[in-house]
Amino acid sequence: MELQRLTERHAAEVLRFERENREWFTRSISDRGDDYFTEFPARHAALLAEQATGLCHFHVAVDEEGAVIGRFNLVDAVDGEAELGFRVAQRVAGRGVATDGVRRICDLAAGEYGLSRLIADAAGDNAGSLKVLHRTGFRPIGEVSLPGRLGIRHVLELRPSEGP
């Protein structure tokens with residue numbers, strides 16, 4: 001797996017990833033809705049514009065064939081803190097892709113993006129995401145209301161990167 005910063009060239013693969021895994025994702029998170037797919041080109045362009053401001057850092061995990069198998073995002077990066085969101089394809093779930101991707105994004109957050117704290121919310125019934133957060137050092141700090149379900153907020157204090 002390779003973690004790449006989101007670019008325009010990823011658009012078709014991200015759309016494929018989201019379509020192929022839509023039903024799988026809705027088992028543990030809210031559905032994006034039909035508009036997400038019909039308006040995808042504009043949404044993708046808006047993400048890239050938002051990323052250009054430095055307030056968000058979007059990444060895709062790609063396999064050896066270049067297919068997107070996961071997304072790992074840091075949003076609302078302000079005052080050294082950002083919110084982490086991630087999702088992986090059903091075909092790679094349970095194979096360590098999410099854990100590896102979260103570890104890599106945490107390294108980027110501390111090093112390249114200069115962040116010192118990450119927040120991540122996971123639905124209380126999303127055992128996979130909860131395991132990933134636990135394995136990568138996040139600690140639960142309380143409940144949070146997510147669309148349609150109860151969630152658990154987690155925090156990770158990052159150590160500054162020591163460089164290569």
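Me: What makes H5 stand out in the lining of the second largest pocket?

Reply: H5 gives four residues, the largest share of that lining. This is a predicted model, by the way. Strand E7 (149-157) also supplies at least two residues. Among the 11 lining residues, Cys 106, Asp 107, Ala 110, Leu 158 and Arg 159 lie nearest the centre, and the volume is about 230 Å³.

Me: Why is Cys 106 called a lining residue of the second largest pocket?

Reply: A lining residue needs an atom within 4 Å of a pocket point. Cys 106 is listed in the lining, so it has such an atom.

Me: How do you know that Phe 138 is in contact with Cys 106?

Reply: Contact takes heavy atoms within 4.5 Å, and Cys 106 is on the list for Phe 138, so the pair has heavy atoms within that cut-off. The list skips neighbours within four places in sequence and also includes Leu 84, Val 102, Leu 118 and His 154.

Me: Why is Phe 138 called buried?

Reply: Phe 138 belongs to the largest nonpolar core. Members of such a core must be buried, which means under 20% relative accessible area, so Phe 138 falls below that mark. Along with Leu 74, Leu 84, Leu 115 and Leu 118, Phe 138 touches the most other members of this 45-residue core. Helix H5 (residues 97-110) gives the core seven residues, its largest share.

Me: What makes up the lining of the largest pocket, by class?

Reply: There are 23 nonpolar, 10 polar and 13 charged residues. Gly counts as polar, so Gly 85, one of the residues closest to the centre, goes in the polar group.

Key. Residues numbered from 1 in each chain as written. Predicted model: local features only at pLDDT ≥ 70, side-chain atom pairs only at ≥ 80, totals over all residues. Heavy atoms only, no water. Core = buried A, V, L, I, M, F, W, Y, C linked by side-chain atoms within 4.5 Å. Buried < 20%, exposed > 50% of the residue type's maximum accessible area, 1.4 Å probe, protein only. 1 Å grid on protein atoms, 1.4 Å probe; cavity = no way out; pocket = protein on both sides within 12 Å on 5 of 7 lines; lining within 4 Å. Points joined across faces, edges and corners; volume = space filled by probe spheres on them.
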